[in-house]
Amino acid sequence: MSVKENIGQIRGELPQGVELVAVSKFHPVSAIMEAYEAGQRVFGENRPQELAAKAPGLPCDIRWHFIGHLQTNKLKQVLPYAHMVQSVDSLHLLEAMHAWLERNGRKMDCLLELHLGAEETKTGLTEEEIRGILAHSSDYPCLGFCGLMGMATNTDDEQLIRADFRRISGLWKELKAAHPELEGFRELSIGMSGDYRIALEYGATMVRIGTGIFGAREY
């Protein structure tokens, strides 16, 4: 099927209020424009240089979400273009982002990434680190804490995937109840091309889909 048909099919499966983030990493501008012409406006990138190269030449109403590991020395390639950073995975990154935004007179929405998967290579915050950050959210006036992001273990074991999603969904609900002052804390970004249908069962408000829209990646 075409990009337009894929988007239409996926949107037809998503409950009202669930945001489709089209993961355009490794895909050319022509593919992004095909999705844009199909009505898609939210796109996800995970490499700073790629985002910085693509964004200036594409329509200004695209809302870019950065979804990959972000090194603090790459902030200037991401923060000028991103509408949201979904992958805040360390206190060091959080503080560096806030300092950059403060210096540049900017505010930005973000999600805190919980380390979910069993793989040691995955990045992310612990549950206690996330609780600590939100307990001191007023220390970061340039950042809007909008929810949590997570990536399930890369496995064919559906029960393990469900356990990952159950864990992050439970934490998300706990934090929403504990921090009513954070009115914008309502996003749960879980689910990708292979597991987004499962993620929807656990309350996903954002799904990040690349292959399901664009097909195999172009390296």
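This report describes a pocket, a helix and three single residues of a predicted model.

## The second largest pocket

The volume of the second largest pocket is about 170 Å³. Its lining consists of E19, V42, R63, H65, H83, M84, D109, C146, G184, R186, E187 and M206. Two elements, β3 (63-66) and β4 (82-88), each give two or more residues to this lining. By type, the lining residues comprise five charged, four nonpolar and three polar ones.

Two of the lining residues, C146 and G184, are taken up next.

## C146 and G184

C146 belongs to strand β6. C146 counts as buried because its relative accessibility is 11%, and buried means under 20%. Beyond its neighbours within four places in sequence, C146 contacts M84, D109, C110, L111, G184, F185, R186 and E187. Several of these also line the pocket, among them M84, D109 and G184.

G184 sits in the loop between α7 and β7. With a relative accessible area of 29%, G184 is partly exposed. Residues up to four places away in sequence aside, G184 touches F145 and C146.

The table gives the separation of two residue pairs along the chain and in space, C-alpha to C-alpha.

| Pair | Apart in sequence | Apart in space |
|---|---|---|
| C146 and V18 | 128 residues | 14 Å |
| G184 and G147 | 37 residues | 7.7 Å |

## Helix α7

Helix α7 covers residues 158-178, which is 21 residues. How far apart are its end C-alpha atoms, and what span should the helix have? At 1.5 Å a residue the expected span is 30 Å, and the end C-alpha atoms are 30 Å apart, so the two values agree.

At the start of α7, the backbone nitrogen of Q159 has a side-chain oxygen of D157 within 3.0 Å.

The buried residues of α7 are I161, R162, D164, F165, I168, S169, L171, W172 and L175. Many positions in such a list can recur at short intervals because an α-helix has 3.6 residues a turn, so residues three or four places apart point the same way. The cover over the buried residues of α7 includes α6 (127-135), β6 (143-149), β7 (187-189) and α8 (196-201).

## T153 and its link to α7

T153 lies in the loop between β6 and α7. Its relative accessibility is 9%, so T153 counts as buried. Which side chain does the side chain of T153 meet in a polar contact? The partner is the side chain of D164, at 2.7 Å. D164 is itself one of the buried residues of α7.

Conventions. Residues are numbered from 1 along each chain as its sequence is written. This is a predicted model: local features need pLDDT of at least 70, side-chain atom pairs count only at pLDDT 80 or more; totals for chains, interfaces and linings use all residues. Side-chain values use heavy atoms; hydrogens and water are left out. On a 1 Å grid over the protein atoms alone, a cavity is a set of points where a 1.4 Å probe fits but cannot get out, and a pocket is an open set with protein on both sides within 12 Å along at least five of seven lines; lining residues have an atom within 4 Å of a point. Grid points are joined across faces, edges and corners, and a volume is the space filled by probe spheres set on the points. Helices (H or I, at least four residues) and strands (E, at least two) are DSSP runs, numbered from the N terminus. Ala, Val, Leu, Ile, Met, Phe, Trp, Tyr, Cys and Pro count as nonpolar, Asp, Glu, Lys and Arg as charged, and the others, Gly among them, as polar. The expected span of a helix is 1.5 Å times one less than its number of residues. Buried means under 20% relative accessible area, exposed over 50%, partly exposed in between (1.4 Å probe, protein chains only). Contact means heavy atoms within 4.5 Å. A polar contact is a pair of N or O atoms within 3.5 Å; within protein, one must be able to donate a hydrogen and the other to accept it, and residues adjacent in sequence count only if both atoms are side-chain atoms.
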